Every structure is written in structure tokens, then in C-alpha cells.
Amino acid sequence: MRGLWVDAFGPGLKTRAQVAQMVDDAVKLGVNTLFVQAIRRGDCLCMKSGLPLATDPDLEKNFDPLAIAVRLGHARGLRVIAWASVTGVANAAAPNTSPNHVMRTHGPDSGKASWLARRPDGSWQEGSDGWLDAGIPEAADFMVQSVVNLVKNYAVDGVQLDRIRYPDGGAWGYDPKTVARYAAETGARGIPVPGDPAWQAWKREQVTALVRRIALEVKSVRPGAWTSAATITYGPAPRVTDPAAFRRSRPYTDVLQDWPTWVREGLIDLNVPMNYKRDGVADQSAWFDGWNSYAASVRTRADGVLAPLAVGTAMYLNSPAVTAAQAARSVGAGLGWVGYSYRSPTPGVIAGQQTTAQGLESVRAALRGKGEPLAAPLRWTAAPPSLRGLMGRVVGTAQPGNRVVEAWQGGRLVASSLTDGGGYYGFLTLAPGRTEVRVAGQRWSDTVPARGVTRLPDLLARDLAPLKP
């Protein structure tokens, strides 16, 4: 896999001519996959996601950028994956003007209807950004549907989840609804302190549950669609020889993103760590190689399948020569490569010293030279490893979340998970065949198909009534 991120904050997607130029530039660069930003900040550069259009005066009228990118990309042999910012939905400095935007319907001034992640003092901005709270079931429903609509309504080859986490800083999730739900499901009392391990673990599970449900719903629509995530690699890499090292890393402790579990459980088909490091700056070259090694060490799924892995690099931080060197180290390790980004391919473009076209040409020359990673054109034709699943929902109770779900095959427990705040559960690495699900006092047997997702009927929770005194 050789990919290119095409973001929605500069040229590339705003007019038909830009999309045609972008696809042509991508082919000349030698990539085989475009990660086209569709969902930006609770809005879309598309017309069929259920979200309002992005507010941008440069966006051509009556124009669906995602649809055109898919059509033109496919015509040139490229795969096109819709890139979606999931929990990150707003920027106060550049708000969407639609009255239907989530910040107007469930934003900071919506009282009990707000879906925003908040700090203990009730504040919601991280810099200028606003984020949805994965622990609010209605917000999770909104995020799931927005992403799934991309697969329902466009011939994309898959979706990539970005900003699928809590904001930086750790002290988030303090909307009263989230805290009340945590207390109801765990028995905790009072307001949890930010560093409480149980509180952190519970919130981390909400993010994982959101990834799980998106993946299952996407596979329900189209089993062959790829689910991917752009994952966090802050700071030094965990040691491959220390199984517990990731649980001390910033992705796990700060933004509550447990992406090794996502890979192991088949929730993402393709992991793309955003390994944005600068060679020659302090220890960052070693961090880059360390994260590549760590990510490669956790590629094996629960079913024994080796999950695809492509390394995301920051072209905008590095010279073309360093970009080529980082791509070569990634490809040389048997991994894929993705560059960020089409809009900002070199530091010179960022600084205004080069045009985008000049920057792309300098990167092309570095990546496509003799012996370089993109010298020979390649097609990416692999099928995603997750092609089947099983999912369902627990209903009939005020507390459907945080319930243990077990999957049994041949009289043996083969997988377990937890329900999310809406009672949803599911599995993506089960072998095909007869399977019994046990949850909330109920059992149900059905068949996991060779391809596709079996959706079980809603199961009524059997909660024991408290004993009368």
C-alpha cells in the first residue's frame, strides 16, 4: 500500500478542476491509494452523509467532492478511502454556519442536550477545537451513522477513522450525563478524579466500543469495505519486549486510544500510525523506527491473521530526502506507507517558499528515483481481513452498557467483549459457524457466515430486582 492523505483545508477537493488535478498528481507521485477527507468537523465535503456541507467560500456549488474523487480515482486505478474526523467536530475560529450543524443542535449552549466532551470545570474547548464525547450514547449514534452513510452512499473502498479518541490532556469526559452513566454502570461514587485508573479504563472502552460499532455497521453494509484508523504515536515508542509498555504510553494514557486492541479484535483492517517524526531532531528518528517496530509487533489478530500496517509520515515536517528515507525504512520493513499531505508536501510549501506543485514535484523526484520506494508503480489489491461478524443489542434496561458479552463455539468460550452505552455489542474475528452469545442473562444461537454480518435480535436484559427488606 502506498497512500496519500488529501485534506480538506487547502487545494485538492474544492472544485472539479482541483480534484482532477489532485488525482493526476497522485498518479505521477506513484501512490495507489487516496485517503480523501470527507468528514471534516461535523460537516462533509460530500452531499450524502447526513451532515451539512463544509462551510468554505471556495467550495464549488452543486459539487460533491467525494463522489468526483471516487469516480476519477477509480478510473486511474487508485483506491479511494473516505477519511473521517469522528469525535473532532468543531473549530470555534472557523465555525460551520449551517443551522443543522451538531454544534448548533447539541453544542455548548444546548444544556442537557449537549454532546461535547468537557473538562471538570465544564469547559469544552481544546485550543479552538470542540470534540464529541464517545461516552454519550446519542453522540455515538450520530458519529456511527455519519461514517456508515459514506459507505452506503458512495463507492468508496473503505473508511479511515481520524480523531477517534478523547482530546489531548486526559481530563475529559465530565459532561454530567457521562459521569452519571459511569456511576450507574460501575457503582463509583462522586466525581472521578482525572487520573483514576478505573475512570480512564471506562472512557477508553467507550472509544473502543465506538470503533467496534462503526466497523460492524460498515461491514453490514459492505463486507469488503476497508475499515482503517489513523492512530496516535506520541513520544517514544513502547519496547517490543515489554508487553505492558503500551499501557504506559501517551496514546493509551492521554487520549485513551487502545489501538493494539483494535487490531487484535479485528475492529480495524488497516492500522495507519501517524508516525510524524523529524529525522535529525533529538531522538525522533529513533522514535520513528521504534513505533514502526512496535506496531509491526502487534499485527497478529485474535484469529491468527496478520493485519495490514501502513506507516503515516509527515512530509510537511521533513525534506523530500527525509520523506523518501522514512518511506524506504517503512517499505523495507515490509510495511505500507502513507504521506501527509497533498496540500503540504514539504516544509517549503508550509513556509511559502514553494508552491504546492513545486513541493509535489520535489517529493516525486525523491520518492520515484531509482531504488526508491515508489520507483515502480504498484497496485494495492488486497482484501480486508475482516469480512464477517456478529452483532446485536441488549434492550429493556436503564443500564444497557458495560455488560459482559461472551461468544461460544463448540462448547468453548472463544471471545468476550462489553456492550456500549446503547447496549450494542459484536465480534469481528469469529470463525464461521454456529455461535452462542451469552449476555445479560440471555442466550441466543445463530450462525456466523463466511462473509457478511449476522445481526441478532434484540435481547431483553434479565436484571434481578433488588430484594425487599
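Which helices each supply at least two residues of the lining of the largest cavity? In this predicted model, the answer is helix H4 (137-153) and helix H6 (197-221). The two helices do not rank equally: H6 gives the most to this lining, with four residues.

The cavity in question is one of four cavities of 30 Å³ or more in the structure. It is the largest, and holds about 80 Å³ of space. Its lining comprises 13 residues. Closest to the centre are Ala-134, Ala-140, Asp-420, Gly-421 and Gly-422. The lining is mixed in class. Six of its residues are nonpolar, three are polar and four are charged.

The second largest cavity encloses about 60 Å³ of space. Here H4 provides the largest share of the lining, four residues. The full lining consists of Ile-39, Gly-42, Leu-51, Ser-85, Val-86, Val-89, Phe-142, Met-143, Ser-146 and Val-147. Seven of these residues are nonpolar and three are polar. None is charged.

The two linings can be set side by side. H6 is the main contributor to the largest cavity, whereas H4 is the main contributor to the second largest. Helix H4 also supplies at least two residues to the lining of the largest cavity. Charged residues number four in the lining of the largest cavity, while the lining of the second largest cavity has no charged residues.

Note on methods: Residues are numbered from 1 along each chain as its sequence is written. This is a predicted model: local features need pLDDT of at least 70, side-chain atom pairs count only at pLDDT 80 or more; totals for chains, interfaces and linings use all residues. Side-chain values use heavy atoms; hydrogens and water are left out. On a 1 Å grid over the protein atoms alone, a cavity is a set of points where a 1.4 Å probe fits but cannot get out, and a pocket is an open set with protein on both sides within 12 Å along at least five of seven lines; lining residues have an atom within 4 Å of a point. Grid points are joined across faces, edges and corners, and a volume is the space filled by probe spheres set on the points. Ala, Val, Leu, Ile, Met, Phe, Trp, Tyr, Cys and Pro count as nonpolar, Asp, Glu, Lys and Arg as charged, and the others, Gly among them, as polar.
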